[in-house]
There are 2 protein chains.
Amino acid sequence: MNRTTEKQRLEFPGLDNKLYFNFGGQGTLPKASLEAIVDDYTYLQHRGPFSHQVNTWLQEKTELLRKDIAAELAVSPDTIALTENVTVGCNIALWGIDWQAGDEILLTDCEHQGIIATVQEIARRLGLTSKFCPILATLNDGNPLEVIKQALSPKTRLLVVSHVLWNTGQVLPLGEIVTLCHQHHVQVLVDAAQSVGMFPLNLTDLSVDYYAFTGHKWWCGPAGVGGLYVRQDLLDSLHPTFIGWRGIDTNERGQPTRWKADATRFEVATSAYPQYEGLRRAIAIHSLWGNSQQRYGKICQLSAYLWEELQQVKGVHCLKSSPPESGLVSFTLDHALSPHQVVQTLEKQGIFLRTLLNPLCIRACIHYFTLGTEIEQLVAAIRQL
Amino acid sequence: MNRTTEKQRLEFPGLDNKLYFNFGGQGTLPKASLEAIVDDYTYLQHRGPFSHQVNTWLQEKTELLRKDIAAELAVSPDTIALTENVTVGCNIALWGIDWQAGDEILLTDCEHQGIIATVQEIARRLGLTSKFCPILATLNDGNPLEVIKQALSPKTRLLVVSHVLWNTGQVLPLGEIVTLCHQHHVQVLVDAAQSVGMFPLNLTDLSVDYYAFTGHKWWCGPAGVGGLYVRQDLLDSLHPTFIGWRGIDTNERGQPTRWKADATRFEVATSAYPQYEGLRRAIAIHSLWGNSQQRYGKICQLSAYLWEELQQVKGVHCLKSSPPESGLVSFTLDHALSPHQVVQTLEKQGIFLRTLLNPLCIRACIHYFTLGTEIEQLVAAIRQL
């Protein structure tokens, strides 16, 4: 580790006037990211904004981001499509599968409402069925792998599952889940909103089929940049749905001839490109503090500290009965105020948390640069409610 | 008009070191837009980035942009979905129609390759047919309305048409086209990449069904913000395809219950929100110079001047045989250098144009703040090639 946490925190202006525990909603943008965004806008106006030089430069910058993301996920850059957000990544996978009427999509009961709604609309249009399996109940007891196994049927073609559950912070055994599903000829689409930037990832080893993520949560990049990993041997069988010039090759008369050879086939058209460099800088800044294993170790140490402290507070009930394996610490409170009111009250005191609705709870997110003293102040504020 | 053109131009740093004629590719971003983007990032870090206060503020900002766009298009804000770009807007309409096998999609032969590829993929998946009608040839002779009329068949359900053709700059008679199509029970999806920000629009009067646009061309907003207008009575029949939390209502357990009542049902998830304010500022800045009718008048006056001057240059052939009705002036050149080489040569001299492939030509774009002297310098540079 090259830097102390105190020094590292200076990179994040969002930390300096509050106690911030909402990294799972959105990470605090580094100074260098905003500077890179402004530099890019300035360059674009100086050399374009639309010109041969700028178009070449944007392509190079785009490929640099793709390469950096691929390195973080231990995959080849040509398997990464850049998207506006994690939800678009999930949509690309969900709409791109060659569905047959009667196919079944299996989701866990902890997936995000946007993904559920997408699955429901696909099922409606194409005559599929969808089913939820009870993963939530395995937080402290039971085996998520067994729950999924029980829920698979001969008609199941896809499992939609979060790597880290956004409500409880549970980390699912993704490698085993993928192995199980593949044994049953079921593909796996992962909502990685809470896992990318949280812990070391090797998607090649995991053999996962589709892995959708965002840069603006645990990576602390700007909102509006995310991506989708598509396993290389699936590139040709996953059909592009929303389509534009970025995804196609054209002939000498500008007519579309075929999809791009790599995952850019799933990209559409003009994006907020300066944000790409903003995300690159954010990814780079984290590595100044330590590698992803070291950062994850620190996250676990700190979230365990919060979990232990919360256990000591009368009326506070952590959803998890053992120390967290992620930076998400969810709890309920015996209090006259609703969770929503508690969060609003704390926000007025400069302490930023959020509520979840299913199960109804409050969630605190811990990043590697969170301070022990911040955790203590949070717990003190909860005590004083 | 409150400002001179010279003063207005100071708002656009992209103009000060070059002769810029690529507004149809991307407009020059106003200083105030970049300042607004930076201000928004700063606010987000100060008050969030994820908090109750920020989420409320982002919703308000989003609705302000929607309102400003709606005012420019003379429609109700609830008919506007914000998208990443014009192509996504077209995709929303194209994938959202309740297609039946055998339906036919009619396109003009001047549509963008991304839209053609989308139509081809939809046709492949759903068993539709698609057909091109020869509008290109009507630039100087013939009647686009008649061409479309001839191409309609009992199976045609949708016409995909650009309001202003991106290759030749021809302005199509959209009102008459919509009336014709509606008489034949055919809906009309408009690619408005080159019309929004170019001239006054009243989509309510036009009765158009779907109108997809971007903020980063003639409006000079930041790349990454566009939208789709959906006629109010079609909101319920156009199905959302790419779906996320922005488009759905949820119950007290966070489960999706229904689409949002308005066009936000077509929006997906987290965007580069600071760009929204950047686009708002850009729209506001144009109105400081004059209203949209005045700006369009100036565009036509200046592009006629370029067109006339180009007519005087030996070996230059304007595609249009009469003065342009838009800011797009396309021409070919009798020269040993290819159009691509000409554009690159001129770019090295600080003169920014682009090539089009179908027909193979060079395109110069004139905005209301383009100077007569810039046009003269462009023509002189072409003479000296």
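Me: What makes Lys18(B) a residue that lies over the face of Phe352(B)?

Reply: Lys18(B) stands 5.6 Å from the ring centre of Phe352(B). A charge sits over a ring if NZ of Lys or CZ of Arg is within 6 Å of the ring centre and within 35 degrees of the ring normal; the 5.6 Å therefore satisfies the distance limit. The charged end of Arg295(B) likewise sits over the ring of Tyr368(B), at 5.9 Å from its centre.

Me: On what kind of model, and with which conventions, do these values rest?

Reply: The model is predicted: local features need pLDDT of at least 70 and side-chain atom pairs count only at pLDDT 80 or more, while totals for chains, interfaces and linings use all residues. Side-chain values use heavy atoms, without hydrogens and water, residues are numbered from 1 along each chain as its sequence is written, and chains are lettered from A and ligands numbered from 1 in the order in which they are written.

Me: Why is the aromatic pair of Tyr20(A) and Phe352(A) called tilted?

Reply: Rings of Phe, Tyr and Trp (its six-membered ring) pair if their centres lie within 6.5 Å; planes under 30 degrees apart count as stacked, over 60 as edge-to-face and the rest as tilted. For Tyr20(A) and Phe352(A) the centres are 6.1 Å apart and the planes make 45°, so the pair is tilted. By contrast, Tyr20(B) and Phe23(B) are edge-to-face, with 5.1 Å between centres and 85° between planes. The structure holds 23 aromatic pairs over all chains.

Me: What makes the pair of Tyr20(A) and Phe352(A) a tie between parts apart in sequence?

Reply: Tyr20(A) belongs to strand E1 (residues 19-20) and Phe352(A) to strand E13 (residues 351-352) of chain A, so the pair ties together parts 332 residues apart in sequence. Strands (E, at least two residues) and helices (H or I, at least four) are DSSP runs, numbered from the N terminus.

Me: How do you know that Tyr20(A) is buried?

Reply: Buried means under 20% relative accessible area, exposed over 50%, partly exposed in between (1.4 Å probe, protein chains only). Tyr20(A) has 1% and therefore counts as buried; Phe352(A), at 5%, is buried too. Asn167(A), in the loop between strand E5 (156-162) and helix H7 (174-183) of chain A, is buried at 1%.

Me: How do you know that Asn167(A) makes a polar contact with Asn358(A)?

Reply: A polar atom of the Asn167(A) side chain lies 2.9 Å from the backbone oxygen of Asn358(A). A polar contact is a pair of N or O atoms within 3.5 Å; within protein, one must be able to donate a hydrogen and the other to accept it, and residues adjacent in sequence count only if both atoms are side-chain atoms. The 2.9 Å therefore meets the distance limit.

Me: Why is strand E12 (residues 328-333) of chain A called largely enclosed?

Reply: Five of its six residues are buried, so E12(A) is largely enclosed by the rest of the structure.

Me: What makes E12(A) and strand E15 (residues 360-365) of chain A a pair?

Reply: Two strands pair if DSSP finds at least two bridges between them. Four bridges join E12(A) to E15(A), which run antiparallel, so the criterion is met. Within this pairing, Ser330(A) has Arg363(A) in E15(A) as its bridge partner. Strand E11 (residues 316-318) of chain A is joined to E12(A) by three bridges, also antiparallel, and Val316(A) stands opposite Leu333(A) there.
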